[in-house]
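Here's a quick briefing to read with the structure open beside you. Grab a coffee and have a look at the model.

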Amino acid sequence: MISGADAFSINIDPPSVWISPAPNTSHSGTIIVENRGEEDLAIRSYSEDWVFASDRSKEFKKAGTTPLSCSNWISIYPKNFTLWPGKSQQVQYTVTIPPEASGGYNSVIFFESNVESPAGSSSSRVILAGRIGSIIYANVKGRSNKAASVTQYLVSKPDENKPLNIKMIMNNDGNTILSAEGTAIVMDKEGKVFGRVDIPKFYLLPGEKAAAKAVWFGKLDEGLYDVVTSVDYGAGLPLIAEKEITVKAGLRKEF
């Protein structure tokens, strides 16, 4: 017997879409939905809004209810279809940008199916709902301004047997969605690099603050060091923050 979880095994490509249509134009694209399970699935496709929660996870909302929503600008075809095991379906979406739109907007296109699962007896069954979504980022061409600033830069004390925690808090000062990633390095006053840590890609909606974080495990002898963080957010010049730290005898970092 196939469980509901095993039956709902869907893959989508791409999992996210970045588009930049001009005002009063449309952009069309295709999302491929693949059934990797062992049962036929009746798929329903629709759009919803989303916002970032405090932990940077996504909270999904009813379409058209958030300030940066483009959900009601999206048409989807087909909205309903059957997906057989091992088969895929091309789903076309079209985003139509209103003439007055400016800045960045977002949505998600969900693909949802209900699957029957045994509930422990031959006379009862449970309906399980599963869904997977492709995130839509839409920045209006010619009316999108990328701008960001560092509001705080924090580096933990280089105490013995503790990692060096690095956090750059940045603000999205523009009107568009930012995709950012960066690097933090630890170097001495002569420019010798002792450590380098990549900062994974993260996103900021207009007006949001978010932290670019890095943790470095390494060894520092007594002396002065600079911790430099650089974040590229797609505007040409990256954001850069620097802080000097002092390692004293007896507080050398060794891991």
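Is threonine 25 buried, partly exposed or exposed? Its relative accessibility is 31%, so threonine 25 counts as partly exposed; the cut-offs here are under 20% for buried and over 50% for exposed. Keep in mind that this is a predicted model. The protein has 17 strands and one helix, and 43% of its 255 residues count as buried.

**The big picture**

- Look at contacts with a separation of 6 or more, and 68% of them turn out to be between residues 24 or more positions apart.
- The protein exposes about 13,300 Å², with carbon and sulfur atoms supplying 47% of that.

**Around threonine 25**

- Threonine 25 sits in the loop between β2 (16-19) and β3 (26-35).
- Setting aside residues up to four places away in sequence, threonine 25 touches Val95, Thr96 and Ile97.
- Threonine 25 and valine 95 are 70 residues apart along the chain, yet their C-alpha atoms are separated by 8.5 Å.
- A polar atom of the threonine 25 side chain also lies 2.5 Å from the backbone oxygen of alanine 22.

**Aromatic pairs and rings**

- How many aromatic pairs are there? The count comes to nine.
- Take tryptophan 50 and phenylalanine 52: the ring centres are 5.0 Å apart and the planes are at 75 degrees, so this pair is edge-to-face. The cut-off behind that label is an angle over 60 degrees.
- Both tryptophan 50 and phenylalanine 52 are buried.
- Phenylalanine 194 and tyrosine 225 make another edge-to-face pair, at 5.5 Å centre to centre with 90 degrees between the planes.
- That pair ties together parts 31 residues apart in sequence, because phenylalanine 194 lies in strand β14 (residues 193-204) and tyrosine 225 in strand β16 (residues 223-232).
- The two partners don't share a burial class: phenylalanine 194, at 31% relative accessibility, is partly exposed, whereas tyrosine 225, at 4%, is buried.
- Trp18, Trp50, Phe52, Tyr137 and Tyr203 come together as one aromatic cluster.
- Phenylalanine 52 has a charged partner too: arginine 56 lies over its face, 4.1 Å from the ring centre.
- Over at phenylalanine 60, the charged end of arginine 131 sits over the ring, 5.6 Å from its centre.

**Nonpolar cores**

- Which residues touch the most other members of the largest nonpolar core? Out of 28 residues, they are Met170, Phe202, Val227 and Val231.
- At least two residues of this core come from each of β11 (148-155), β12 (164-172), β13 (178-188), β14, β15 (209-216), β16 and β17 (239-247).
- Phenylalanine 202 is in contact with Met170, Leu178, Ser179, Ala180, Ala210, Ala212 and Val231, leaving aside neighbours within four places in sequence.
- Another core of 24 residues lies apart from the largest one, and includes Val17, Ile31, Cys70 and Val95.

**Buried polar residues**

- Serine 45 is in strand β4 (residues 41-52) and is buried, with a relative accessible area of 4%.
- Beyond its neighbours within four places in sequence, serine 45 is in contact with Ile76, Pro78, Lys79, Phe110 and Phe111.
- With proline 78, a polar atom of the serine 45 side chain lies 3.1 Å from the backbone oxygen.
- Serine 45 and glutamate 112 are 67 residues apart along the chain, with their C-alpha atoms separated by 6.3 Å.
- Asparagine 171, in strand β12, is buried as well, with a relative accessible area of 13%.
- The side chains of asparagine 171 and aspartate 173 are joined by a polar contact of 2.4 Å.
- Leaving aside neighbours within four places in sequence, asparagine 171 is in contact with Ala147, Ala148, Ser149, Thr151, Leu204, Gly207, Glu208 and Lys209.
- Where does threonine 66 sit? Its place is in the loop between β5 (58-61) and β6 (74-77), and at 14% relative accessibility threonine 66 counts as buried.
- Threonine 66 is in contact with Asp49, Val51 and Lys61, again leaving aside neighbours within four places in sequence.
- From threonine 66 to valine 51 the C-alpha distance is 7.8 Å, with their positions 15 residues apart in sequence.

Definitions and conventions. Residues are numbered from 1 along each chain as its sequence is written. This is a predicted model: local features need pLDDT of at least 70, side-chain atom pairs count only at pLDDT 80 or more; totals for chains, interfaces and linings use all residues. Side-chain values use heavy atoms; hydrogens and water are left out. Rings of Phe, Tyr and Trp (its six-membered ring) pair if their centres lie within 6.5 Å; planes under 30 degrees apart count as stacked, over 60 as edge-to-face and the rest as tilted. Buried means under 20% relative accessible area, exposed over 50%, partly exposed in between (1.4 Å probe, protein chains only). Helices (H or I, at least four residues) and strands (E, at least two) are DSSP runs, numbered from the N terminus. A charge sits over a ring if NZ of Lys or CZ of Arg is within 6 Å of the ring centre and within 35 degrees of the ring normal. Contact means heavy atoms within 4.5 Å. A polar contact is a pair of N or O atoms within 3.5 Å; within protein, one must be able to donate a hydrogen and the other to accept it, and residues adjacent in sequence count only if both atoms are side-chain atoms. A nonpolar core is a set of buried Ala, Val, Leu, Ile, Met, Phe, Trp, Tyr and Cys residues joined through side-chain atoms within 4.5 Å. Accessible areas come from the Shrake-Rupley method with a 1.4 Å probe; for residues, only the protein chains shown count as cover.
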